[in-house]
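Colleague: I have a model open and I would like some help reading it. Could we go through it together?
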Amino acid sequence: MNRGNDDNGDRSGDVPDDVTEPWAAPTVPTVAPDGGTGSGPDTTREPLNAYVPLPGSKSLTGRELILAALADGPGTLRVPLHSRDTDLMVEALRLLGTDITPLAGKNPYGPDLRVTPAEELTGSTSIDCGLAGTVMRFVPAVAALSLGPVAFDGDPYARKRPMRPVLDALRALGADISDDGRGALPFTVHGGGGLRGGRVEVDASLSSQFVSALLLSAPRFEQGVHVVHTGDRLPSVPHIEMTLEALRARGVEADSPATGEWRVAPGPIRAREITIEPDLSNAAPFLAAALAVGGTVSIPHWPADTTQVGDQLRTLLPEFGGTATLEHGVLTVTGTGRLRGVNIHMPDAGELSPTLVGLAALAAMPRPDGTPGEPSTITGIGHTRHHETDRIAALVAEINRLGGNAEELPDGIGIHPAAMHGGLWQAYADHRIATTGALVGLLVPGVEIDDIASTSKTLPQFPELWRGMLPDADGAEHDGLGLGLDIAAEGAAHGAAIAGTLGRIARGFLEGI
Ligand SMILES: O=C(O)C1=C[C@@H](OP(=O)(O)O)[C@@H](O)[C@H](O)C1
Ligand SMILES: C=C(OP(=O)(O)O)C(=O)O
(Lines give C-alpha, C1' and ligand atoms only; values in the text may rest on other atoms or scores of the structure.)
(Ligands and ions follow the chains in the order given, each with its own letter.)
Protein backbone atom coordinates (compact mmCIF):
# COMPACT_ATOMS: atom_id res chain seq x y z
CA MET A 1 0.00 0.00 0.00
CA ASN A 2 1.23 3.50 -0.61
CA ARG A 3 -0.50 5.17 2.29
CA GLY A 4 2.91 6.14 3.62
CA ASN A 5 4.09 7.99 0.51
CA ASP A 6 5.26 11.53 1.10
CA ASP A 7 3.42 12.65 -1.95
CA ASN A 8 0.96 10.53 -3.84
CA GLY A 9 1.20 12.85 -6.80
CA ASP A 10 3.83 10.76 -8.58
CA ARG A 11 2.46 10.06 -12.04
CA SER A 12 5.71 8.93 -13.62
CA GLY A 13 4.59 5.33 -14.06
CA ASP A 14 6.98 3.82 -11.53
CA VAL A 15 5.58 1.54 -8.87
CA PRO A 16 5.96 3.33 -5.54
CA ASP A 17 8.63 1.73 -3.30
CA ASP A 18 6.42 0.47 -0.52
CA VAL A 19 3.86 -1.28 -2.69
CA THR A 20 4.07 -5.03 -2.38
CA GLU A 21 1.84 -6.79 -4.88
CA PRO A 22 -0.09 -5.17 -7.70
CA TRP A 23 -3.60 -6.60 -7.98
CA ALA A 24 -4.51 -8.14 -11.33
CA ALA A 25 -7.91 -6.72 -12.20
CA PRO A 26 -10.18 -9.50 -13.46
CA THR A 27 -11.29 -9.25 -17.09
CA VAL A 28 -14.60 -10.68 -18.28
CA PRO A 29 -13.68 -12.98 -21.16
CA THR A 30 -15.26 -12.45 -24.55
CA VAL A 31 -17.34 -15.15 -26.12
CA ALA A 32 -16.98 -14.07 -29.75
CA PRO A 33 -19.03 -16.23 -32.14
CA ASP A 34 -15.89 -17.38 -33.96
CA GLY A 35 -14.22 -18.26 -30.68
CA GLY A 36 -11.84 -15.33 -31.00
CA THR A 37 -11.40 -12.58 -28.44
CA GLY A 38 -11.93 -8.87 -28.79
CA SER A 39 -11.46 -6.02 -26.42
CA GLY A 40 -13.93 -3.36 -27.50
CA PRO A 41 -16.93 -2.49 -25.40
CA ASP A 42 -19.24 -4.09 -27.94
CA THR A 43 -17.59 -7.46 -27.90
CA THR A 44 -19.97 -10.11 -26.68
CA ARG A 45 -19.16 -11.19 -23.16
CA GLU A 46 -20.81 -13.50 -20.74
CA PRO A 47 -23.36 -11.16 -19.17
CA LEU A 48 -23.23 -10.32 -15.49
CA ASN A 49 -26.04 -11.51 -13.27
CA ALA A 50 -25.01 -10.38 -9.82
CA TYR A 51 -26.56 -9.39 -6.55
CA VAL A 52 -24.23 -7.31 -4.40
CA PRO A 53 -25.17 -6.41 -0.82
CA LEU A 54 -23.01 -3.46 0.24
CA PRO A 55 -21.90 -2.29 3.69
CA GLY A 56 -23.05 0.97 5.26
CA SER A 57 -22.57 4.53 4.08
CA LYS A 58 -19.36 6.26 5.07
CA SER A 59 -21.00 9.69 5.17
CA LEU A 60 -23.98 8.55 7.26
CA THR A 61 -21.86 6.46 9.64
CA GLY A 62 -19.45 9.35 10.25
CA ARG A 63 -22.23 11.85 10.92
CA GLU A 64 -24.22 9.51 13.16
CA LEU A 65 -21.14 8.63 15.20
CA ILE A 66 -20.54 12.32 15.91
CA LEU A 67 -24.17 13.07 16.66
CA ALA A 68 -24.39 10.00 18.92
CA ALA A 69 -21.27 11.14 20.77
CA LEU A 70 -22.82 14.59 21.34
CA ALA A 71 -26.30 13.27 22.15
CA ASP A 72 -28.31 13.47 25.38
CA GLY A 73 -27.99 9.74 26.13
CA PRO A 74 -26.71 6.41 24.80
CA GLY A 75 -27.70 5.38 21.28
CA THR A 76 -27.07 2.63 18.75
CA LEU A 77 -25.88 2.48 15.15
CA ARG A 78 -27.20 -0.61 13.34
CA VAL A 79 -25.22 -1.95 10.35
CA PRO A 80 -22.70 0.89 10.42
CA LEU A 81 -19.78 0.91 8.03
CA HIS A 82 -16.55 -0.62 9.32
CA SER A 83 -13.72 0.73 7.21
CA ARG A 84 -10.56 2.77 7.66
CA ASP A 85 -12.42 6.11 7.65
CA THR A 86 -15.10 5.06 10.11
CA ASP A 87 -12.61 3.20 12.35
CA LEU A 88 -10.62 6.43 12.56
CA MET A 89 -13.80 8.32 13.44
CA VAL A 90 -14.63 5.80 16.18
CA GLU A 91 -11.10 6.04 17.55
CA ALA A 92 -11.14 9.87 17.49
CA LEU A 93 -14.39 10.03 19.45
CA ARG A 94 -13.14 7.43 21.93
CA LEU A 95 -10.02 9.50 22.51
CA LEU A 96 -12.28 12.44 23.35
CA GLY A 97 -14.01 10.35 26.02
CA THR A 98 -16.91 8.69 24.16
CA ASP A 99 -17.65 5.07 24.97
CA ILE A 100 -18.22 3.11 21.76
CA THR A 101 -18.92 -0.58 22.31
CA PRO A 102 -19.45 -3.22 19.62
CA LEU A 103 -22.70 -5.16 19.93
CA ALA A 104 -23.08 -8.73 18.78
CA GLY A 105 -25.38 -8.77 15.78
CA LYS A 106 -25.89 -10.51 12.48
CA ASN A 107 -24.35 -7.85 10.30
CA PRO A 108 -21.74 -9.80 8.30
CA TYR A 109 -19.72 -6.66 7.74
CA GLY A 110 -19.06 -5.98 11.42
CA PRO A 111 -20.76 -5.31 14.74
CA ASP A 112 -23.42 -2.75 15.51
CA LEU A 113 -22.18 0.04 17.77
CA ARG A 114 -23.49 1.30 21.09
CA VAL A 115 -22.41 4.90 21.67
CA THR A 116 -22.46 6.41 25.16
CA PRO A 117 -21.56 10.11 25.22
CA ALA A 118 -18.89 11.34 27.65
CA GLU A 119 -20.14 13.28 30.66
CA GLU A 120 -17.53 15.82 29.63
CA LEU A 121 -15.43 15.58 26.48
CA THR A 122 -11.76 15.23 27.36
CA GLY A 123 -8.85 16.67 25.41
CA SER A 124 -5.10 16.13 25.92
CA THR A 125 -4.89 13.59 23.14
CA SER A 126 -3.75 13.09 19.54
CA ILE A 127 -6.07 12.16 16.70
CA ASP A 128 -5.06 10.33 13.53
CA CYS A 129 -7.22 11.46 10.60
CA GLY A 130 -5.70 9.04 8.09
CA LEU A 131 -6.81 10.39 4.72
CA ALA A 132 -10.42 10.88 5.86
CA GLY A 133 -11.94 14.24 4.99
CA THR A 134 -14.81 13.52 7.38
CA VAL A 135 -12.43 13.03 10.33
CA MET A 136 -10.09 15.96 9.61
CA ARG A 137 -12.99 18.37 8.93
CA PHE A 138 -15.72 17.19 11.34
CA VAL A 139 -13.80 16.29 14.52
CA PRO A 140 -12.00 19.63 15.25
CA ALA A 141 -15.33 21.25 16.20
CA VAL A 142 -15.96 18.39 18.64
CA ALA A 143 -12.44 18.82 20.02
CA ALA A 144 -13.18 22.51 20.61
CA LEU A 145 -15.91 21.38 23.03
CA SER A 146 -13.45 19.27 25.03
CA LEU A 147 -11.06 20.40 27.74
CA GLY A 148 -7.39 20.33 26.79
CA PRO A 149 -5.22 20.31 23.68
CA VAL A 150 -6.13 17.91 20.86
CA ALA A 151 -3.45 17.39 18.22
CA PHE A 152 -4.58 16.36 14.71
CA ASP A 153 -2.46 14.77 12.00
CA GLY A 154 -2.93 12.20 9.25
CA ASP A 155 -1.37 10.49 6.25
CA PRO A 156 1.31 12.49 4.45
CA TYR A 157 -1.09 13.38 1.64
CA ALA A 158 -3.77 14.40 4.18
CA ARG A 159 -1.54 17.38 4.97
CA LYS A 160 -2.20 18.66 1.47
CA ARG A 161 -6.00 18.64 1.81
CA PRO A 162 -7.47 22.11 2.46
CA MET A 163 -8.45 22.96 6.05
CA ARG A 164 -7.97 26.73 6.36
CA PRO A 165 -11.60 27.81 5.79
CA VAL A 166 -12.96 25.53 8.50
CA LEU A 167 -10.15 26.31 10.96
CA ASP A 168 -10.68 30.05 10.46
CA ALA A 169 -14.44 29.66 10.86
CA LEU A 170 -13.98 27.73 14.10
CA ARG A 171 -11.66 30.49 15.34
CA ALA A 172 -14.31 33.07 14.50
CA LEU A 173 -16.77 31.04 16.59
CA GLY A 174 -14.39 31.17 19.56
CA ALA A 175 -11.99 28.24 19.11
CA ASP A 176 -8.28 28.44 19.88
CA ILE A 177 -6.38 26.55 17.16
CA SER A 178 -2.65 26.58 16.43
CA ASP A 179 -1.48 25.52 12.98
CA ASP A 180 1.63 27.70 12.49
CA GLY A 181 -0.21 29.39 9.64
CA ARG A 182 -0.36 26.19 7.58
CA GLY A 183 -4.11 26.08 7.08
CA ALA A 184 -3.67 22.33 6.95
CA LEU A 185 -2.76 19.31 9.06
CA PRO A 186 -1.04 19.07 11.50
CA PHE A 187 -2.78 21.46 13.91
CA THR A 188 -3.85 21.55 17.55
CA VAL A 189 -7.28 22.52 18.84
CA HIS A 190 -7.00 23.86 22.40
CA GLY A 191 -10.35 22.74 23.72
CA GLY A 192 -11.87 25.21 26.14
CA GLY A 193 -14.92 23.14 27.12
CA GLY A 194 -17.32 24.93 24.78
CA LEU A 195 -17.76 27.37 21.90
CA ARG A 196 -19.67 30.61 21.61
CA GLY A 197 -21.01 29.98 18.11
CA GLY A 198 -23.09 32.54 16.21
CA ARG A 199 -22.89 33.87 12.64
CA VAL A 200 -19.84 32.90 10.63
CA GLU A 201 -18.70 33.23 7.01
CA VAL A 202 -16.89 30.41 5.27
CA ASP A 203 -15.73 29.88 1.70
CA ALA A 204 -16.74 26.29 1.05
CA SER A 205 -15.93 26.28 -2.66
CA LEU A 206 -13.22 23.64 -2.13
CA SER A 207 -15.33 21.32 0.04
CA SER A 208 -18.85 21.09 1.39
CA GLN A 209 -17.34 19.38 4.42
CA PHE A 210 -16.36 22.80 5.82
CA VAL A 211 -20.05 23.62 6.18
CA SER A 212 -21.10 20.19 7.49
CA ALA A 213 -18.32 20.40 10.08
CA LEU A 214 -19.73 23.64 11.52
CA LEU A 215 -23.33 22.42 11.49
CA LEU A 216 -22.82 19.00 13.05
CA SER A 217 -21.51 20.16 16.44
CA ALA A 218 -23.46 23.43 16.46
CA PRO A 219 -26.34 22.33 18.73
CA ARG A 220 -23.68 22.23 21.45
CA PHE A 221 -22.43 25.79 20.73
CA GLU A 222 -23.87 28.44 23.10
CA GLN A 223 -25.56 30.30 20.24
CA GLY A 224 -25.82 27.50 17.70
CA VAL A 225 -24.54 28.59 14.30
CA HIS A 226 -25.51 30.61 11.26
CA VAL A 227 -23.13 29.69 8.42
CA VAL A 228 -22.87 31.94 5.37
CA HIS A 229 -20.97 30.60 2.34
CA THR A 230 -18.95 33.32 0.60
CA GLY A 231 -17.44 31.48 -2.39
CA ASP A 232 -18.67 31.63 -5.98
CA ARG A 233 -19.50 27.91 -6.18
CA LEU A 234 -20.44 25.18 -3.75
CA PRO A 235 -19.74 21.51 -4.45
CA SER A 236 -21.46 18.43 -3.02
CA VAL A 237 -24.58 20.26 -1.82
CA PRO A 238 -26.47 16.99 -1.10
CA HIS A 239 -23.91 16.24 1.60
CA ILE A 240 -24.92 19.45 3.41
CA GLU A 241 -28.56 18.44 3.11
CA MET A 242 -27.62 15.07 4.60
CA THR A 243 -26.10 16.90 7.59
CA LEU A 244 -29.22 19.04 8.12
CA GLU A 245 -31.48 15.99 7.85
CA ALA A 246 -29.38 13.98 10.33
CA LEU A 247 -29.65 16.87 12.80
CA ARG A 248 -33.41 17.27 12.33
CA ALA A 249 -33.95 13.53 12.82
CA ARG A 250 -32.49 14.04 16.30
CA GLY A 251 -34.83 16.88 17.19
CA VAL A 252 -32.44 19.72 16.32
CA GLU A 253 -33.76 22.85 14.61
CA ALA A 254 -31.69 23.00 11.43
CA ASP A 255 -32.52 24.70 8.15
CA SER A 256 -31.27 26.64 5.15
CA PRO A 257 -32.90 30.10 5.28
CA ALA A 258 -31.39 31.13 1.92
CA THR A 259 -29.16 29.68 -0.78
CA GLY A 260 -25.68 29.31 0.69
CA GLU A 261 -26.85 29.87 4.28
CA TRP A 262 -27.59 27.37 7.03
CA ARG A 263 -28.73 27.72 10.64
CA VAL A 264 -28.61 25.31 13.55
CA ALA A 265 -30.24 26.23 16.87
CA PRO A 266 -28.58 25.37 20.18
CA GLY A 267 -30.22 22.54 22.11
CA PRO A 268 -30.11 18.84 22.89
CA ILE A 269 -29.23 16.27 20.26
CA ARG A 270 -31.64 13.40 20.83
CA ALA A 271 -30.12 9.95 21.35
CA ARG A 272 -31.57 7.35 18.97
CA GLU A 273 -31.16 3.99 17.37
CA ILE A 274 -30.49 4.34 13.67
CA THR A 275 -30.04 1.83 10.86
CA ILE A 276 -27.36 3.01 8.45
CA GLU A 277 -28.22 2.77 4.74
CA PRO A 278 -25.81 0.93 2.43
CA ASP A 279 -23.18 3.15 0.80
CA LEU A 280 -24.79 4.13 -2.50
CA SER A 281 -21.65 5.85 -3.77
CA ASN A 282 -19.73 2.61 -3.32
CA ALA A 283 -22.38 0.98 -5.51
CA ALA A 284 -21.12 3.02 -8.47
CA PRO A 285 -18.38 0.72 -9.86
CA PHE A 286 -20.54 -2.39 -9.41
CA LEU A 287 -23.54 -0.91 -11.20
CA ALA A 288 -21.29 0.56 -13.88
CA ALA A 289 -19.93 -2.95 -14.50
CA ALA A 290 -23.37 -4.03 -15.77
CA LEU A 291 -23.24 -1.29 -18.39
CA ALA A 292 -19.66 -2.04 -19.44
CA VAL A 293 -19.93 -5.83 -19.64
CA GLY A 294 -23.64 -6.29 -20.27
CA GLY A 295 -26.16 -8.05 -18.04
CA THR A 296 -27.49 -6.96 -14.67
CA VAL A 297 -26.14 -5.95 -11.28
CA SER A 298 -28.55 -5.52 -8.37
CA ILE A 299 -27.96 -3.79 -5.05
CA PRO A 300 -30.40 -4.66 -2.24
CA HIS A 301 -31.61 -2.33 0.52
CA TRP A 302 -31.56 0.66 -1.83
CA PRO A 303 -33.53 3.27 0.14
CA ALA A 304 -36.70 4.71 -1.39
CA ASP A 305 -35.90 8.07 0.10
CA THR A 306 -32.36 9.12 0.90
CA THR A 307 -30.02 12.08 1.23
CA GLN A 308 -27.11 10.09 -0.25
CA VAL A 309 -25.78 11.52 -3.50
CA GLY A 310 -25.24 7.96 -4.76
CA ASP A 311 -28.97 7.85 -5.47
CA GLN A 312 -28.17 10.04 -8.49
CA LEU A 313 -26.65 6.93 -10.11
CA ARG A 314 -30.21 6.04 -11.11
CA THR A 315 -30.19 8.92 -13.59
CA LEU A 316 -26.45 9.29 -14.26
CA LEU A 317 -25.71 5.70 -15.31
CA PRO A 318 -28.44 5.37 -17.97
CA GLU A 319 -26.79 8.26 -19.83
CA PHE A 320 -24.16 5.73 -20.93
CA GLY A 321 -26.93 3.43 -22.25
CA GLY A 322 -28.83 0.79 -20.28
CA THR A 323 -31.47 1.15 -17.61
CA ALA A 324 -31.76 1.54 -13.85
CA THR A 325 -34.85 0.23 -12.07
CA LEU A 326 -35.69 0.52 -8.40
CA GLU A 327 -38.22 -2.09 -7.30
CA HIS A 328 -38.97 -3.40 -3.82
CA GLY A 329 -35.81 -1.84 -2.44
CA VAL A 330 -33.50 -3.41 -5.03
CA LEU A 331 -31.76 -1.23 -7.59
CA THR A 332 -31.01 -3.13 -10.79
CA VAL A 333 -28.87 -1.73 -13.58
CA THR A 334 -29.04 -3.53 -16.90
CA GLY A 335 -26.69 -2.93 -19.79
CA THR A 336 -25.88 -4.33 -23.21
CA GLY A 337 -22.14 -3.75 -23.19
CA ARG A 338 -22.60 -0.97 -25.75
CA LEU A 339 -21.56 2.27 -24.06
CA ARG A 340 -22.41 5.78 -25.27
CA GLY A 341 -20.26 8.85 -24.77
CA VAL A 342 -21.70 11.46 -22.36
CA ASN A 343 -21.59 15.14 -21.49
CA ILE A 344 -22.26 15.39 -17.81
CA HIS A 345 -21.95 18.36 -15.45
CA MET A 346 -21.99 17.05 -11.90
CA PRO A 347 -20.89 19.51 -9.19
CA ASP A 348 -23.22 17.85 -6.67
CA ALA A 349 -21.83 14.36 -7.06
CA GLY A 350 -18.05 14.64 -7.37
CA GLU A 351 -17.47 11.45 -5.44
CA LEU A 352 -19.25 9.53 -8.23
CA SER A 353 -17.13 11.07 -10.96
CA PRO A 354 -14.16 8.64 -11.02
CA THR A 355 -16.50 5.76 -11.91
CA LEU A 356 -18.19 7.80 -14.63
CA VAL A 357 -14.82 8.83 -16.05
CA GLY A 358 -13.87 5.14 -16.15
CA LEU A 359 -17.05 4.32 -18.07
CA ALA A 360 -16.36 7.21 -20.44
CA ALA A 361 -12.85 5.86 -21.13
CA LEU A 362 -14.40 2.49 -22.05
CA ALA A 363 -17.03 4.20 -24.23
CA ALA A 364 -14.17 5.90 -26.09
CA MET A 365 -12.60 2.59 -27.16
CA PRO A 366 -13.07 1.53 -30.78
CA ARG A 367 -15.83 -0.99 -31.47
CA PRO A 368 -14.91 -4.46 -32.68
CA ASP A 369 -16.46 -3.58 -36.08
CA GLY A 370 -13.84 -0.84 -36.47
CA THR A 371 -16.08 2.15 -35.78
CA PRO A 372 -14.50 4.65 -33.39
CA GLY A 373 -15.56 5.02 -29.79
CA GLU A 374 -17.46 8.08 -28.57
CA PRO A 375 -16.02 11.15 -26.80
CA SER A 376 -17.21 12.43 -23.42
CA THR A 377 -16.81 15.39 -21.12
CA ILE A 378 -17.41 15.31 -17.39
CA THR A 379 -17.35 18.74 -15.76
CA GLY A 380 -18.24 20.52 -12.53
CA ILE A 381 -15.70 18.42 -10.65
CA GLY A 382 -12.83 20.88 -10.16
CA HIS A 383 -13.09 20.41 -6.37
CA THR A 384 -12.13 16.73 -6.75
CA ARG A 385 -8.56 17.99 -7.17
CA HIS A 386 -8.76 18.29 -3.35
CA HIS A 387 -10.06 14.83 -2.60
CA GLU A 388 -7.85 11.86 -1.58
CA THR A 389 -5.61 12.85 -4.48
CA ASP A 390 -5.94 15.31 -7.36
CA ARG A 391 -8.54 13.10 -9.03
CA ILE A 392 -8.54 14.99 -12.32
CA ALA A 393 -4.78 14.69 -12.77
CA ALA A 394 -4.77 11.09 -11.52
CA LEU A 395 -7.56 9.85 -13.80
CA VAL A 396 -6.09 11.58 -16.86
CA ALA A 397 -2.63 10.16 -16.11
CA GLU A 398 -3.86 6.61 -15.61
CA ILE A 399 -6.17 6.54 -18.65
CA ASN A 400 -3.40 7.92 -20.84
CA ARG A 401 -0.83 5.49 -19.42
CA LEU A 402 -3.02 2.68 -20.74
CA GLY A 403 -3.20 4.23 -24.20
CA GLY A 404 -6.41 6.22 -23.73
CA ASN A 405 -6.78 9.87 -24.65
CA ALA A 406 -7.97 11.96 -21.73
CA GLU A 407 -7.27 15.64 -21.06
CA GLU A 408 -7.55 17.85 -18.03
CA LEU A 409 -10.12 20.62 -18.33
CA PRO A 410 -10.19 23.49 -15.83
CA ASP A 411 -13.26 21.99 -14.22
CA GLY A 412 -13.26 18.38 -15.37
CA ILE A 413 -12.02 15.80 -17.85
CA GLY A 414 -12.40 15.39 -21.61
CA ILE A 415 -12.07 11.91 -23.10
CA HIS A 416 -11.39 11.36 -26.79
CA PRO A 417 -11.73 8.15 -28.80
CA ALA A 418 -8.77 5.81 -28.29
CA ALA A 419 -8.06 2.14 -27.61
CA MET A 420 -6.62 1.10 -24.26
CA HIS A 421 -4.19 -1.64 -23.35
CA GLY A 422 -3.10 -3.39 -20.16
CA GLY A 423 -0.53 -2.03 -17.74
CA LEU A 424 -0.10 -0.60 -14.27
CA TRP A 425 -2.91 1.59 -12.92
CA GLN A 426 -1.82 3.70 -9.95
CA ALA A 427 -4.37 4.33 -7.23
CA TYR A 428 -2.61 7.23 -5.45
CA ALA A 429 -3.95 5.75 -2.18
CA ASP A 430 -7.41 6.77 -3.43
CA HIS A 431 -10.13 4.14 -3.13
CA ARG A 432 -12.16 5.57 -5.99
CA ILE A 433 -9.20 5.72 -8.38
CA ALA A 434 -8.49 2.07 -7.48
CA THR A 435 -12.06 0.94 -8.20
CA THR A 436 -12.06 2.89 -11.46
CA GLY A 437 -8.99 0.88 -12.50
CA ALA A 438 -10.88 -2.31 -11.69
CA LEU A 439 -13.76 -1.13 -13.88
CA VAL A 440 -11.43 -0.44 -16.81
CA GLY A 441 -9.85 -3.85 -16.25
CA LEU A 442 -13.17 -5.60 -16.82
CA LEU A 443 -12.80 -4.95 -20.55
CA VAL A 444 -9.09 -4.22 -20.93
CA PRO A 445 -6.97 -7.32 -20.24
CA GLY A 446 -3.80 -6.95 -18.20
CA VAL A 447 -4.69 -3.99 -15.95
CA GLU A 448 -2.92 -4.16 -12.60
CA ILE A 449 -3.82 -1.89 -9.67
CA ASP A 450 -0.81 -0.90 -7.55
CA ASP A 451 -2.76 -0.48 -4.30
CA ILE A 452 -6.12 -2.23 -4.21
CA ALA A 453 -5.88 -2.11 -0.40
CA SER A 454 -6.65 1.62 -0.66
CA THR A 455 -10.29 0.51 -1.03
CA SER A 456 -10.23 -0.23 2.71
CA LYS A 457 -10.87 3.50 3.17
CA THR A 458 -14.58 2.92 2.66
CA LEU A 459 -15.04 -0.67 1.38
CA PRO A 460 -12.50 -3.17 2.73
CA GLN A 461 -14.34 -6.06 1.03
CA PHE A 462 -14.01 -4.53 -2.45
CA PRO A 463 -11.72 -7.19 -4.01
CA GLU A 464 -13.91 -10.08 -2.86
CA LEU A 465 -17.17 -8.38 -3.77
CA TRP A 466 -15.78 -7.48 -7.19
CA ARG A 467 -14.66 -11.02 -7.98
CA GLY A 468 -17.90 -12.38 -6.59
CA MET A 469 -19.85 -10.19 -9.03
CA LEU A 470 -18.22 -11.78 -12.07
CA PRO A 471 -19.15 -14.95 -13.92
CA ASP A 472 -17.11 -17.70 -12.32
CA ALA A 473 -15.54 -19.61 -15.17
CA ASP A 474 -14.31 -22.60 -13.16
CA GLY A 475 -17.25 -22.70 -10.76
CA ALA A 476 -14.91 -22.21 -7.82
CA GLU A 477 -16.20 -20.27 -4.88
CA HIS A 478 -14.42 -17.15 -3.80
CA ASP A 479 -13.80 -17.14 -0.11
CA GLY A 480 -11.92 -14.02 0.78
CA LEU A 481 -13.95 -12.83 3.71
CA GLY A 482 -14.04 -15.79 6.06
CA LEU A 483 -17.37 -14.63 7.41
CA GLY A 484 -18.40 -18.10 8.46
CA LEU A 485 -21.95 -17.61 7.27
CA ASP A 486 -24.10 -20.14 5.48
CA ILE A 487 -24.17 -20.22 1.71
CA ALA A 488 -27.22 -18.24 0.68
CA ALA A 489 -30.14 -18.98 -1.52
CA GLU A 490 -30.97 -15.28 -1.35
CA GLY A 491 -29.51 -14.30 -4.70
CA ALA A 492 -31.16 -17.26 -6.39
CA ALA A 493 -34.48 -16.13 -4.96
CA HIS A 494 -33.80 -12.82 -6.65
CA GLY A 495 -33.04 -14.62 -9.90
CA ALA A 496 -29.35 -13.81 -9.79
CA ALA A 497 -26.43 -16.17 -9.80
CA ILE A 498 -24.17 -15.25 -6.93
CA ALA A 499 -20.79 -16.59 -6.07
CA GLY A 500 -20.05 -18.21 -2.74
CA THR A 501 -18.75 -15.25 -0.80
CA LEU A 502 -21.47 -12.97 -2.06
CA GLY A 503 -24.04 -15.57 -1.18
CA ARG A 504 -22.80 -15.78 2.35
CA ILE A 505 -22.74 -12.02 2.68
CA ALA A 506 -26.21 -11.69 1.20
CA ARG A 507 -27.69 -14.20 3.61
CA GLY A 508 -26.03 -12.71 6.67
CA PHE A 509 -26.83 -9.19 5.58
CA LEU A 510 -30.49 -9.82 4.96
CA GLU A 511 -30.92 -11.75 8.19
CA GLY A 512 -29.07 -9.08 10.07
CA ILE A 513 -31.44 -6.25 9.28
O1 LIG B 1 -19.64 15.19 3.91
C2 LIG B 1 -19.30 14.12 3.39
O3 LIG B 1 -19.51 13.01 3.93
C4 LIG B 1 -18.66 14.17 2.06
C5 LIG B 1 -18.74 15.32 1.31
C6 LIG B 1 -18.14 15.42 -0.04
O7 LIG B 1 -16.93 16.14 0.09
P8 LIG B 1 -16.55 17.41 -0.85
O9 LIG B 1 -17.55 18.47 -0.58
O10 LIG B 1 -15.18 17.76 -0.42
O11 LIG B 1 -16.65 16.91 -2.26
C12 LIG B 1 -17.87 14.05 -0.64
O13 LIG B 1 -17.15 14.17 -1.84
C14 LIG B 1 -17.12 13.19 0.36
O15 LIG B 1 -16.85 11.93 -0.19
C16 LIG B 1 -17.98 12.95 1.59
C1 LIG C 1 -13.88 12.59 -1.25
C2 LIG C 1 -14.01 11.47 -0.56
O3 LIG C 1 -13.65 11.27 0.74
P4 LIG C 1 -13.35 12.24 1.97
O5 LIG C 1 -14.47 11.99 2.94
O6 LIG C 1 -12.04 11.78 2.51
O7 LIG C 1 -13.31 13.65 1.47
C8 LIG C 1 -14.59 10.26 -1.19
O9 LIG C 1 -14.86 9.29 -0.45
O10 LIG C 1 -14.80 10.24 -2.41
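Modeller: Let us talk through the ligand, an annotated residue and some backbone details, keeping in mind that this is a predicted model.

Colleague: Which residues are closest to ligand 1?

Modeller: Ligand 1 is surrounded by 13 residues, and the closest are Ser 59, Ser 207, Ser 208, Ser 236 and His 239. Sorted by character, the shell has one nonpolar, eleven polar and one charged residue.

Colleague: And which helices supply at least two residues of that shell around ligand 1?

Modeller: Helix 3 (133-143) and helix 5 (209-216) each do so, while domain 1 (23-55 + 278-512) and domain 2 (58-275) each give the shell at least three residues.

Colleague: New topic: where does UniProt place the feature "active site"?

Modeller: The unreviewed UniProt entry places it at Glu 351, a residue found in the loop between strand 18 (343-345) and helix 9 (353-363).

Colleague: Is Glu 351 buried or exposed?

Modeller: Glu 351 counts as buried because it has 26 C-beta neighbours inside 10 Å, and 20 or more are enough for that label. Leaving aside neighbours within four places in sequence, Glu 351 is in contact with Ser 281, Val 309 and Arg 432.

Colleague: What about the backbone, which residues does a cis peptide bond join?

Modeller: The cis bond joins Leu 185 and Pro 186, with omega about -5°, and Pro 186 lies in the loop between strand 8 (177-178) and strand 9 (187-192). Most peptide bonds are trans. Asp 180, found in the loop between strand 8 and strand 9, has a positive phi of about 50° although it is not a glycine.

Colleague: Why does Asp 180 count as exposed?

Modeller: Asp 180 counts as exposed because it has 9 C-beta neighbours inside 10 Å, and the label applies at 12 or fewer.

Key. Residues are numbered from 1 along each chain as its sequence is written. Chains are lettered from A and ligands numbered from 1 in the order in which they are written. This is a predicted model: local features need pLDDT of at least 70, side-chain atom pairs count only at pLDDT 80 or more; totals for chains, interfaces and linings use all residues. A residue is near a molecule or strand if its C-beta atom, placed from the backbone, lies within 6 Å of it. Helices (H or I, at least four residues) and strands (E, at least two) are DSSP runs, numbered from the N terminus. Ala, Val, Leu, Ile, Met, Phe, Trp, Tyr, Cys and Pro count as nonpolar, Asp, Glu, Lys and Arg as charged, and the others, Gly among them, as polar. Domain bounds come from an automatic or database domain assignment. UniProt positions are given in the numbering used here, feature names are shortened, and annotations may be inferred rather than shown by experiment. Two residues are in contact if their C-beta atoms, placed from the backbone, lie within 7 Å.
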